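Got your viewer open? Let's take a walk through this structure, one selection at a time.

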Amino acid sequence: MTLPLFFFYVFSTIAVISALMVISSRNPVHSVLFLILCFVNSAGIFMLAGAEFLALILIVVYVGAVAVLFLFVVMMLDVDFAGLRHGMLQYAPIGVIVGLILLVELLLVAGGFAIAPDIASSSVVPINPGIDNTRALGQVLYTRYVFVFQGAGAVLLVAMIGAIVLTLRHKQGVKRQDAGVQANRRVEDAMEVVKVKSGEGLRG
Amino acid sequence: MDFVVTALDYLLGIPLFGWGTQVGFIYKGLLFLVALLILTAYILLADRKIWAAVQIRRGPNVVGPFGLLQSFADLLKFVFKEPVIPAGADKIVFLLAPFITALLSLSAWVVIPIDAGWALANINVGILYIFAISSLGVYGVIMGGWASNSKYPFLGALRSAAQMVSYEVSIGFVIITVLLCVGSLNLSDIVIAQREMGLATSLGVPWLTFLNWFWLPLFPMFVIFLISARAETNRPPFDLPEAESELVAGFMVEYSSTPYLLFMLGEYIAIIMMCAMTTILFLGGWTSPIDLPPFNWVPGAVWFLLKVCAVFFMFAMVKAFVPRYRYDQLMRIGWKTFLPLSLVSVIVLAFILQLTGWGWHGGVA
């Protein structure tokens, strides 16, 4: 057994156990925390496979941003989880079907490598082994797949704008701060120095 | 059992006794850790002293000469007190949160190059590693706030999480501008690029190294980074998660003794980390400001430490004299000012670099 293999077993064992805990723990916040543990360990496996860029992007995007939003929602929603658990059997068949499809697809991918190992080298864009994988990814993404890449970005942007439009409410009568107006405010506009004669007042 | 030998050699190898092939990682790591903790103790003291000096007070001056041992006395005080865990708290998550905070802020230091070749791990994606680790820092805060099962910590945690996530975006874009100029994600490469190219080199006076550093060509990004770093580490004027006038102490309300100490430690180490990041990205890391004899006799590690301390002095001064922001104001400058500014400058800079051919190109071209 070599050191990378040892680490692979450590990471994958923790990942599988925490994935099981995600669906079996009673407290939804614990579920999300186990999901995060699972993500971090998958990042470790990516790292062992030599894909250090993917590993760190997985942590930055999924753990650092997406899972934080999950945690937010789970912490703030007062969902009756016992009630949700009640109707679980109803959804079980769909879950089993989706799981089976995923399993078959994974077997196809893994089987492809096992049956014909040269399939990896027959990819459309041969990757130069001399450069590190950040550069290699960039060279492929921004040359051959630039339109697909930009298209994916545009789809995400549109989705984001959609979410903002759906939740945006313009409340009437709310006082808002306008930093520009504040900064441009001068003493002359805001204050008036008046000489008041005693006993008369301003209007008098 | 091949891997046990490899692992032992990597962790505990001592060339001194003829066993193993390299200096063990554990020794280097422990040395680094002790140095970092002592630095943190004195940075904490400096913070309090500077704050006191601005307010014409004396600050801590009782324990040891000039209060030099104050941080250690505080450490003992925290450790010997009884940790109180609220009855309604989720015990495991409650105790896990400060550990995660301290562990993450310490682990980011692994890739920081103190001097040429002095990084514990000189990895190719160093800056991405730091970015990933600091994006995890928000979990300590959220977990602590949620597990306390109390109102103020929860509100503090929500605020803090929103704040850290928002400012991470602009910090990310600022880092991208630096990476565009360097063409490498390796932290040592970023420093070397600042030594080898820049204004001084193009003017024909390469010994004026401080003109080469990125603070000059990327000055707006430098300012954005300094301000975002404060928001990211929950420092005043952006210390809303622990705004004592509204939230008592934010997410730390229910913490006492050693868990509280770990939160404090994690926070201060993250602050020093941000100072080190500023030094590496914009102030030339370990390179001396003027590459002439009296200056370049000083070891690079000393320059690095001096720069970190100088940046921290700015952090401390800002804490002392800038009033706290309101929450909506904080979000406004994050999303409406810094994000568009840094995004536009990434695009503009990319165009400029493409048209002029300037940049270090990863040291290849």
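**Stop 1: a pair at the start of a helix**

Select D328(B): at 38% relative accessibility, this residue counts as partly exposed. Now add R326(B), which is partly exposed too, with a relative accessible area of 45%. The two form a salt bridge, and their closest N and O atoms are 2.8 Å apart. Keep in mind as you click around that this is a predicted model.

**Stop 2: salt bridges between distant parts**

How many salt bridges does a search of the whole structure find over all chains? The search gives 4. For another one, select D47(B) and R235(B), whose side chains meet at 3.0 Å, N to O. D47(B) sits in helix 2 (residues 25-54) of chain B, while R235(B) is in the loop between helix 10 (219-232) and helix 11 (244-247), so this pair ties together parts that are 188 residues apart in sequence.

Buried or exposed, what is D47(B)? D47(B) is buried, because its relative accessible area is 1% and the cut-off for buried is under 20%. R235(B) is buried as well, with a relative accessible area of 4%. Add K319(B) to your selection and you have a network of salt bridges linking D47(B), R235(B) and K319(B).

Stay on helix 2 of chain B and pick R48(B), then jump to D74(B) in helix 3 (residues 70-80) of that chain; the pair links distant parts of the chain, 26 residues apart. Their side chains meet in a salt bridge at 2.9 Å, N to O. Here R48(B) counts as partly exposed, at 31% relative accessibility, whereas D74(B) counts as buried, at 18%.

**Stop 3: two neighbours on helix 7**

Next, find S166(B), in helix 7 of chain B. S166(B) is buried, with a relative accessible area of 4%. Leaving out residues up to four places away in sequence, S166(B) touches M331(B) and W335(B). Look also at A162(B): its backbone oxygen lies 2.4 Å from a polar atom of the S166(B) side chain.

Now click on V165(B), also placed in helix 7 of chain B. V165(B) counts as partly exposed, at 24% relative accessibility. Which residues does V165(B) touch, not counting those up to four places away in sequence? They are G64(A) and V68(A), which takes us over to the other chain.

**Stop 4: where the chains meet**

Show both chains and colour the residues in contact: 32 from chain B and 28 from chain A. The area buried between the chains is about 2,500 Å², and carbon and sulfur atoms give 76% of that. Highlight F3(B), Y139(B) and W146(B), which supply 25% of the area that chain B buries against chain A, more than any other three residues.

Try looking for salt bridges across this interface and the rule finds 0. There are, however, 4 residue pairs in polar contact between the chains. On chain B, the elements giving two or more residues to this side are helix 1 (2-12), helix 5 (126-136), helix 6 (138-147), helix 7 (151-182) and helix 15 (327-356). By class, that side has 20 nonpolar, 6 polar and 6 charged residues.

**Last stop: chain A**

Finish by showing chain A as a cartoon: you'll see 9 helices and 0 strands. Of its 204 residues, 16% count as buried. Switch on the surface and you're looking at about 15,900 Å² exposed by chain A, with carbon and sulfur atoms supplying 70%.

How values were computed: Residues numbered from 1 in each chain as written. Chains lettered and ligands numbered in written order. Predicted model: local features only at pLDDT ≥ 70, side-chain atom pairs only at ≥ 80, totals over all residues. Heavy atoms only, no water. Contact = heavy atoms within 4.5 Å. Buried area = accessible area lost by both parts, 1.4 Å probe. Polar contact = N/O pair within 3.5 Å; in protein donor to acceptor, adjacent residues only side chain to side chain. Helix = DSSP H or I, 4+ residues; strand = E, 2+ residues; numbered from the N terminus. Nonpolar A, V, L, I, M, F, W, Y, C, P; charged D, E, K, R; others polar. Buried < 20%, exposed > 50% of the residue type's maximum accessible area, 1.4 Å probe, protein only. Areas by Shrake-Rupley, 256 points an atom, 1.4 Å probe, with all protein chains shown as cover.
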